[in-house]
Every structure is written in C-alpha cells, then in structure tokens.
Amino acid sequence: MFVFIARRIFQMIPVLLGVTLVVFLIMQMVPGDPAVLLAGESASDEQVQQIRSQLGLDEPVVTQYFTYVKNVAQGDLGTSIRTNRPVIDEILTRLPITIELAFWSILVTIVLGLLAGIISATKQYSFSDISLMVVALLGVSLPNFWLGLMLILYFSVKIQIFPVSGWGTFMHVILPALTLGTGGAAIVARMTRSSMLEVIRQDYIRTAKAKGVKERIIVYKHALKNALIPVITVVGLQFGALLGGTVLTETVFAINGIGRLIIDAIRMRDMPVVQGTILVVSIIFVLVNMIVDISYRFLNKRIDLN
Amino acid sequence: MSNQAVKMDNQPSLQAPKKIKPSHPKVERWKAFYKQLKKNKMAMAGGAIILFYLILAVAAPVIAPYDPLAIDLGNKLATPSWEHWMGTDDKGRDILSRILYGAQLSLGVGVVSVSIGAFFGIILGLFAGYYGKWIDTFISRFIDVLLAFPGILLALAIISALGPSMINVMIAVGIFSIPTFARIVRGSTLSVKKMEYVDAIRSLGANDFKIIFVHILPNILSPVIVQGTLRLATAILTAAGLSFLGMGAQPPTPEWGAMLSSGRNFLWQAPHLATFPGLAIATIVLGFNLFGDGLRDALDPRLKQ
C-alpha cells in the first residue's frame, strides 16, 4: 500500500507541472504587454521597462516559465494588478468560503444521490423507481445557474424563507448547496442504482436471503457496501464538476468565494489573479482525485495495487 | 451420358428463381440498430425534442413573430399574453422570437465545439492507441493535464486570454471536449489494433495512415457517436453557462445563457425573463441526454452503466 501511495504521489508531479505549463501558456496568449498593464497608462517608458525587468518579462519564455514554477513552488503567485496584494492572500481569504460551499454541496450530492439510488434499486421498475430516475435525468440536464435562480425566485422572493444572496449563516448555505449539489446527486443516483442492481444479483446476496437475513440488513450491510465502490469514483469526479460549478453558483448567489474571484479578475483583466486562482483550484482537484483514487484502491482490495 | 448431363445443367430451370436482393451487411446492421433504438421510448422522446428544436432553429426567420432585436420601450417587461406568448424583456423585445433565434445559436455552438473536440480528440486517441510507447505516454499525460482543470475552468482560462465572444466560446468548449474523445478513441483503438484483420491488412503492405484512418477509425465510431451526442448536451450547457457569466455572447444577441443573465436582474418584477430561456436550455440538454443514452444502449451495450 505504501509503495502504491508513493507511486501515485510521484505520478501526480508531471500532471501538476503540465497544469502550470498550460496556465503559463494560456497567459502568454493574452494580448498586450503585462508590464504596461501593471504600470498603468500614464507610466513612462522607463517605468514600464523597470517593471519588465523586475518581473523577468525581458527574459526568454523558457526562463520565465522556470521562474514561474519556482515561484509557485514557494507559494508566490504574483501580485494582483487591481488590489496590489499578493495573489495568494486574495485566494486564501476567499478559499474557506468555497471549501464550505463545496463541502455542503458534496453532502447534498452524496445523501440525495445515495438515497434515490438505493430506493430505485430496491424497488426496480416501481412507480418510485421510474419517477426518481426521471427526476435524476432532469437533474443532469438542468443548468445549475438556472436552478439557482428558480430557487431564489420561489424560496427567497415568493415564500421568503431563505436569503437571496450572501454568506454567513446556515440559511445562506442551503440554496447554493442545493443548486450546486443536485446535478451530482442525479449522477450518483443513477450510478448507485445500476451498481446496486448488479450486486443484488450476486450469489452471496441470494445466499443471505435464503438464510433468512432481514431485507434491510441485506441492503445496507451486504449490498450497499460493495455497490459503493464504483460510486466513490463518481463522487470523486463530481467534485471536479462541483469545483468548476462554484464559479456559476457563487455568481448567482453573490458569494465572495474563489469562483467569483476568477470571474471578477477576468472582467478586470487582472491576469495574475486569474492565473493563480485557476492554478490553485486545479491543484486542489488533482489532490482530491489522488485521495479518491487511493481510497478506491484501499476499499476495493480485489484490485491489484501493483 | 456425360454430355447429356452437361446439357441438362446448362438448361434453364423450369422454375424461375426468386429474386432475393442480397442486403449489404452494413444496411442490415443499421436496420438492427434502428430497431433497437425504436424500442427505447426515452431515446425516441429525446430524438423528438432534438428534431423539434432543429425545426425551430431552421424555421426561426419564418415563424418568429417579431424581430428578436427590435426594441419596444413602451412594451417592456410585459407578462406573457396573446401578443407576446412568452412576454417581453427589459427593452420590450419579444422573448419567444429571441428563444427561437437562440436555438440557432445554441445548436450551432454545440455542433461546432463538439466537432472541434471530436476532430482533435479522435486524432490524438488514434495515435496514442495505435503507436503506443512514448507517443501514447505523451498524449495520455497531455490528456491528464487537460482533465486536471475542473469543469468549466479550462474554458474560462482560455476565454480569459482570448477575450469574451461566441467564437472563443466555441474554441474553448471544443478544447474542453478533447480529452473525453481522446480517451474513448484511445481505448477502442487499443482493442481494435490487436484484431487479426489489422495484422492481415498490414501484411498486405498497407501503411500506418491507411490502417488508422481507413480500417481502424470506421470500426471505433460507435462509442464516438454516443459520446458526441452526450457531449453536445454538455457543450450547450457550458456555452450557456459562459454566456451567463458574460464570457460568451454579448447583449443584445439572443443567446439563452445571456438572456438568463439579463433576466436575473428582473427576477422580482418579471420572473418570466429568466424562466423561459432556462426551460429552453434544460429541454434541449435533456433531449440530447435521452437520445445519447438510447444510442449508447443500441450501439454499444457494453458502455451501459
């Protein structure tokens, strides 16, 4: 197991380097001189030149990339053009909010998805199975930014139970978490259903039934435990979609998290912030994927770790 | 005796042989596929939704009751009525007309971006699967890197550099779709290239280019078609999301995501502004998802989850 984890961490390094390269190359495509942008329109040629050499922009592109990677490894993501603060500080201020939103959303995804999947599988072809799967299909197709607006319309504007926007109390969390979590819940529900149906047909379940084990114990103790293995991978993949989805959800609910930071930075052409934020979110995603992969192998001992 | 026998053989038979037109195996395969697809009611419903939107998109200039860009400030934020079935927006523009023209944009963006993703994804996947070794390692790592950007973020990063516009959305969503196609094609190529017929063609002297594009590609198209259909749903959703964020179509373009974005400012006074474009996005995406699921079951049952 230790060798497997070490190898998995080692495999992550080229991917992370690749991510830095892609982000670096995309930012190279940005039209205009970043030194001029930083110095401002009224700056003299000398000032621009000074900033250029200060940031190493007069160096060859390859050198610039290696300097960039070195700085990133040391936690230096540059300085925001808009606020003049270090990008890492901007990110660290907003990150806890996004992590909290992601946590509640993934909880919605897991709880709703598992419940719907289990009910569907244990009552295959029943009315509740069909209606749950239709709802799941709708859930996959709904644009989450629209769902968010409709939730605001009904629960904040008409019934006025939840606040329209903002962040702080538990009431602020519910609508955004539902908005962000339902798409994933629909996918998890479909996966749990098919996985459960496959497990329920296995011999050992039939044996348990023949021995007179209670239905509930068969479902939750024997079937679900094994059916969960492929579901974990789906939840891991959903975490990626969820991190990307925070951009839209945070915009809809005016939450000052990482997602909104990216959008505001793109609008203001604050490229160091865009670059840094996208890099940090991608690194988090790669790390989460690695943890999911390791736990998947750990839970499914039949997979050869080597 | 033998001469007689020969003569007998050469004589035309008294019974005229029945004319059975031999059907091409490919035709038979498509017939079986269509039969299978027809059985799947959900897939047919999905197909009907897609067809419905296609007709709306093509016929938009004829059936749209108003000019989608015509401003009528005296009639702004009007609720749905006989004159304006879906009401009007904050500039008095007819929402139904804008939705009809929006279908052209959404379907167009979906098809173009998925085509970009499929084109590059197929080439990368074929090369990685066929050549293996360092080419496979290089392409696979590249795909891993593209997949390391969660959800919409890669598309956002590209747009942040290229600037917001519909063309850039198509490029960004296209690049965002490459890894999905590349992975599927790579996997299929790996299994097909080991088949005997590929060895046979190679021993007949065919070059790699011919083997890859003439003999392997047609045999791995089923999962690509399935993925293409499902990917259209994702592409339409992503493009609408980008326009919603102000990174795609700009006002007054009648794009569904952009319409939703401007509608959200009037959620209190006129909720229909945000309701109808959202419904349009949801139904078209549902159509592609249903049809894609059905195609998968009919074309490639192994992929059925």
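The following dialogue explains how to read the domains, the chain interface and the record annotations of this predicted model.

Colleague: Which conventions apply to this model?

Modeller: The model is predicted: local features need pLDDT of at least 70 and side-chain atom pairs count only at pLDDT 80 or more, while totals for chains, interfaces and linings use all residues. Residues are numbered from 1 along each chain as its sequence is written, chains are lettered from A and ligands numbered from 1 in the order in which they are written, and side-chain values use heavy atoms, with hydrogens and water left out.

Colleague: How many helices and strands does chain A have?

Modeller: Helices (H or I, at least four residues) and strands (E, at least two) are DSSP runs, numbered from the N terminus. Chain A has 12 helices and zero strands. Its C-alpha atoms fill a box of roughly 85 × 55 × 30 Å, taken along the principal axes.

Colleague: Into which domains is chain A divided?

Modeller: Domain bounds come from an automatic or database domain assignment. In chain A, domain 1 covers 32-76 and domain 2 covers 87-299. The C-alpha centres of these two domains lie 40 Å apart.

Colleague: How many residues of domain 1 of chain A are in contact with domain 2 of chain A?

Modeller: Contact means heavy atoms within 4.5 Å. Four residues of domain 1 of chain A are in contact with four residues of domain 2 of chain A.

Colleague: What area do domain 1 and domain 2 of chain A bury between them?

Modeller: The size of an interface is often given as the accessible area lost when the parts come together. Buried area is that loss for two parts (1.4 Å probe), summed over both. Domain 1 and domain 2 of chain A bury about 330 Å² between them, with 67% of it on carbon and sulfur atoms. Of the area that domain 1 of chain A buries against domain 2 of chain A, A:L37, A:Y68 and A:G75 supply 79%, more than any other three residues.

Colleague: How many salt bridges cross this domain interface?

Modeller: A salt bridge is a side-chain nitrogen of Lys or Arg within 4 Å of a carboxyl oxygen of Asp or Glu. Across the interface of domain 1 and domain 2 of chain A, the rule finds zero salt bridges.

Colleague: What is the area buried between chain A and chain B?

Modeller: Chain A and chain B bury about 3,800 Å², of which carbon and sulfur atoms give 80%. The contact takes 47 residues from chain A and 40 residues from chain B.

Colleague: Which residues form a salt bridge between the chains?

Modeller: The count between chain A and chain B is one salt bridge. B:D293 pairs with A:R190 in a salt bridge, and the closest N and O atoms are 2.4 Å apart. Several helices of chain A give two or more residues to the side that touches chain B, among them α1 (2-28), α8 (170-200) and α10 (215-252).

Colleague: Where does UniProt place the feature "domain: ABC transmembrane type-1"?

Modeller: UniProt positions are given in the numbering used here, feature names are shortened, and annotations may be inferred rather than shown by experiment. In unreviewed entries, UniProt places this feature at residues 95-296 of chain A and at residues 103-292 of chain B. In the model, the chain A span is 85% helix and 0% strand, and its end C-alpha atoms lie 27 Å apart. The chain B span is 79% helix and 0% strand, with end C-alpha atoms 19 Å apart.

Colleague: Which residues of chain B does UniProt list for "transmembrane region"?

Modeller: The unreviewed UniProt entry lists spans including residues 107-130 and 142-161 of chain B. In the model, residues 107-130 of chain B are 100% helix, and residues 142-161 of chain B are 75% helix.
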